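Reader: Please pick one part of this model and look at it closely. Then work outward from there and tell me how its surroundings are put together.

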Amino acid sequence: MIELLRQHRWILDILDILVMSMILYRLLLIIKGTKAVQMLLGLGVLLVASIASRHLELFTIDWLVQSFWAQIVLAIIVLFQPEIRKALAHMGETQFLTSFTTAEELRSHEEIVRAAVSLANKKIGALIVIERETSLKDFIEVGTPLDAKVSRELLLSIFHPSSPIHDGAVIIKGNRIAAAGCFLPITLSAEVSKSFGTRHRAGIGLTEDTDAVAVIVSEETGQISIVLDGKIEGRLDMGTLRDMLTDIFASKKAKK
């Protein structure tokens with residue numbers, strides 16, 4: 001087989017192009033809408049400057065640009081750190097080992113919806129994170145382990161202001177509450193509204209780096225929001241929240 005492919009080099013060339021096209025396409029999807037796009041445009045301008053300065057023999061500019069290129073790998077790693085982390089996390093996803101959305105998980109989602117509405121009516125803040133493909137083990141370990149079945153009553157108890165663990169996030173794995181009082185990374189994006197507090201910024205920050213879903217209840221307004229891929233949808237009612245959760249997890253199942 002390998003010998004046959006070597007004899008027909010054009011097959012390997014086509015395969016090479018297809019694989020590279022797929023990798024570039026996936027990378028573009030990951031960085032689409034992020035600040036990485038503007039940075040890539042900046043690098044493109046720098047590349048044009050490098051070619052032009054060499055062609056026109058502008059030695060000072062050429063020296064400056066070449067000096068910058070020598071450090072470009074380190075600069076790319078630093079500037080694109082969130083995007084690189086997200087891309088590696090996507091590549092590390094084990095599609096064949098992930099579980100299907102079960103009836104128990106759907107019941108858990110219904111409990112989450114009911115709890116979010118109750119908390120919103122009482123203007124009690126809450127941050128509920130649902131794990132999907134990307135493991136949230138690192139965040140679970142810093143919280144208070146629970147390993148309890150998801151229920152509206154338990155979520156209300158956790159987020160009650162008198163609870164010692166009400167100030168962190170609850171992380172749900174499958175149909176179990178894995179931990180409560182978890183601390184999440186805060187988004188540093190300048191595009192996030194200044195009206196958002198720590199709870200919303202933590203939900204956005206986590207979903208920028210993982211494929212988790214965050215349900216947030218604002219204690220100031222009582223509004224319910226959902227965050228996915230760093231993008232927040234607010235002012236949700238019970239029906240909309242339920243439909244969005246169903247769509248998100250049904251689409252995950254359909255992709256498998």
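Author: Start with a cut-off: a residue is buried when its relative accessible area is under 20%. Ile-224 has a relative accessible area of 4%, so Ile-224 is buried. The model is predicted, so read every value here as computed from that prediction.

Ile-224 sits in strand 6, which covers residues 224-228. What does Ile-224 touch beyond its sequence neighbours? One group of contacts is Ala-116, Val-117 and Ala-120. Those three fall within helix 7, residues 103-121. Another group is Val-215, Ile-216 and Val-217. That stretch belongs to strand 5, residues 213-217. Then come Glu-233, Gly-234, Arg-235 and Leu-236, and finally Leu-241. One of these partners can be placed by backbone distance. The C-alpha atoms of Ile-224 and Arg-235 are 5.7 Å apart, with their positions eleven residues apart along the chain.

Now move along strand 6. Val-227 and Leu-228 belong to this strand too. Both are touched by Thr-207. Thr-207 lies in helix 10. Its relative accessibility is 0%, so Thr-207 counts as buried. A polar atom of its side chain lies 3.1 Å from the backbone nitrogen of Gly-230. Gly-230 is also on the contact list of Thr-207, together with Asp-229, Ala-212 and Ala-214.

Helix 10 leads to a pocket. The second largest pocket has a volume of about 480 Å³. It is lined by 25 residues, and those closest to its centre are Phe-196, Gly-197, Thr-198, Arg-199 and His-200. Two elements give two or more residues to this lining: helix 10 (198-209) and strand 7 (231-233). The largest share, four residues, comes from helix 10.

Arg-199 deserves a second look. It forms a salt bridge with Glu-219, with the closest N and O atoms 3.7 Å apart. Arg-199 is in helix 10 and Glu-219 is in the loop between strand 5 and strand 6, so the pair ties together parts 20 residues apart in sequence. Is each partner buried or exposed? Arg-199 is buried, at 17% relative accessible area. Glu-219 is partly exposed, at 42%.

The structure holds five salt bridges. Another one involves helix 7. Glu-110 pairs with Arg-242, and their closest N and O atoms are 2.8 Å apart. Glu-110 is in helix 7 and Arg-242 is in helix 11 (residues 238-255), so this pair links distant parts of the chain, 132 residues apart. Glu-110 is partly exposed at 26% relative accessibility. Arg-242 is partly exposed as well, at 28%. Arg-152 and Glu-153 also meet in a salt bridge, at 3.5 Å from N to O. Arg-152 is partly exposed at 22%, and so is Glu-153 at 45%.

Now a charged residue without such a partner. Glu-131 is buried yet has no salt bridge. The nearest side chain of opposite charge is Lys-173, 4.1 Å away. A salt bridge needs a nitrogen of Lys or Arg within 4 Å of a carboxyl oxygen, so this pair does not count. Glu-131 sits in the loop between strand 1 (126-130) and helix 8 (137-141). Its side chain does have a backbone partner: the nitrogen of Leu-136 is 2.8 Å from one of its polar atoms. Leu-136 is also a contact of Glu-131, as are Lys-137, Ile-140, Ile-172, Lys-173 and Phe-249.

Glu-131 and Phe-249 also share a cavity lining, with Glu-105, His-109, Ile-130 and Gly-174. That cavity has a volume of about 30 Å³. A search of the whole structure finds one cavity of 30 Å³ or more.

Last, the overall frame. The protein has eleven helices and seven strands. Of its 256 residues, 36% are buried. Ile-224 belongs to that buried part. Among contacts between residues at least 6 apart in sequence, 58% join residues at least 24 apart.

Terms used:
Residues are numbered from 1 along each chain as its sequence is written. This is a predicted model: local features need pLDDT of at least 70, side-chain atom pairs count only at pLDDT 80 or more; totals for chains, interfaces and linings use all residues. Side-chain values use heavy atoms; hydrogens and water are left out. Buried means under 20% relative accessible area, exposed over 50%, partly exposed in between (1.4 Å probe, protein chains only). Lys and Arg count as positive and Asp and Glu as negative; His and the chain ends are not counted. A polar contact is a pair of N or O atoms within 3.5 Å; within protein, one must be able to donate a hydrogen and the other to accept it, and residues adjacent in sequence count only if both atoms are side-chain atoms. Contact means heavy atoms within 4.5 Å. On a 1 Å grid over the protein atoms alone, a cavity is a set of points where a 1.4 Å probe fits but cannot get out, and a pocket is an open set with protein on both sides within 12 Å along at least five of seven lines; lining residues have an atom within 4 Å of a point. Grid points are joined across faces, edges and corners, and a volume is the space filled by probe spheres set on the points. Lists of a residue's contacts leave out its neighbours within four places in sequence.
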